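Work through the following exercises with the sequence and the model side by side. Each one sets a task and then solves it step by step.

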Amino acid sequence: MQRKMQKKNWERMGEMMDLRHQLQDIMAADKPDPTAAGRIYDKMANLRKQMFQDRLEARNRMMDKLTAEQREQLREMHRKYGRGTMGGQGMMME
């Protein structure tokens, strides 16, 4: 499960890097085209949304595999140590 998600994420991150380079090229012009920049920005936003949704789906699949006791242990661990890395953007529990 984790490797499948990592592979998908790496592909999307490669797409994101390509889009970022395209946006940088547009922005380097004396008069950047707002419409072209907006199209690239929208594509980047859609990729971010897809990656976010993939993380939530992976979290849900993981939770489905845990027993009630394991879910409670995970909740307790989150209460005690926090909810993931990077400002709480990891696989969060409610």
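**Exercise 1. Compare the reach of helix α1 with its expected span, and find its buried residues.**

Helix α1 covers residues 2-27, which makes 26 residues; helices here are DSSP runs of H or I with at least four residues, strands are runs of E with at least two, and both are numbered from the N terminus. From its first C-alpha to its last, α1 reaches 36 Å, close to the 38 Å expected at 1.5 Å a residue, where the expected span is 1.5 Å times one less than the number of residues. The buried residues of α1 are M5, R12, M16, L19, L23 and I26; buried means under 20% relative accessible area, exposed over 50%, and partly exposed in between, with a 1.4 Å probe and protein chains only. What covers these buried residues includes α2 (34-65).

This is a predicted model, in which local features need pLDDT of at least 70 and side-chain atom pairs count only at pLDDT 80 or more, while totals for chains, interfaces and linings use all residues. Residues are numbered from 1 along each chain as its sequence is written, and side-chain values use heavy atoms, with hydrogens and water left out.

**Exercise 2. Describe how α1 and α2 are placed against each other.**

The axes of α1 and α2 come within 9 Å and cross at roughly 165°; the axes are lines fitted to C-alpha atoms, for helices over the stretch in contact, and angles run from 0 to 180 degrees between N-to-C directions. The two helices, α1 and α2, are therefore roughly antiparallel to each other, a term for angles over 145 degrees.

**Exercise 3. Locate D54 and K8, and decide how accessible each is.**

D54 has its place in helix α2 and is buried, with a relative accessible area of 11%. Not counting residues up to four places away in sequence, D54 touches M5, K8 and R12, a contact being heavy atoms within 4.5 Å. K8, in turn, lies in helix α1 and counts as partly exposed, at 36% relative accessibility. K8 and M51 are 43 residues apart in sequence, yet 8.7 Å apart in space, C-alpha to C-alpha.

**Exercise 4. Judge where the coordinates call for caution.**

The protein averages a pLDDT of 87, and 87% of the residues score at least 70; pLDDT is the predictor's confidence in each residue, from 0 to 100. Over residues 86-94 the pLDDT is below 50, and this stretch has 22 contacts in the model beyond near neighbours in sequence. Where pLDDT is low, the predicted coordinates should not be read in detail.

Technical notes
Angles under 35 degrees count as roughly parallel, over 145 as roughly antiparallel, 65 to 115 as roughly perpendicular and the rest as oblique.
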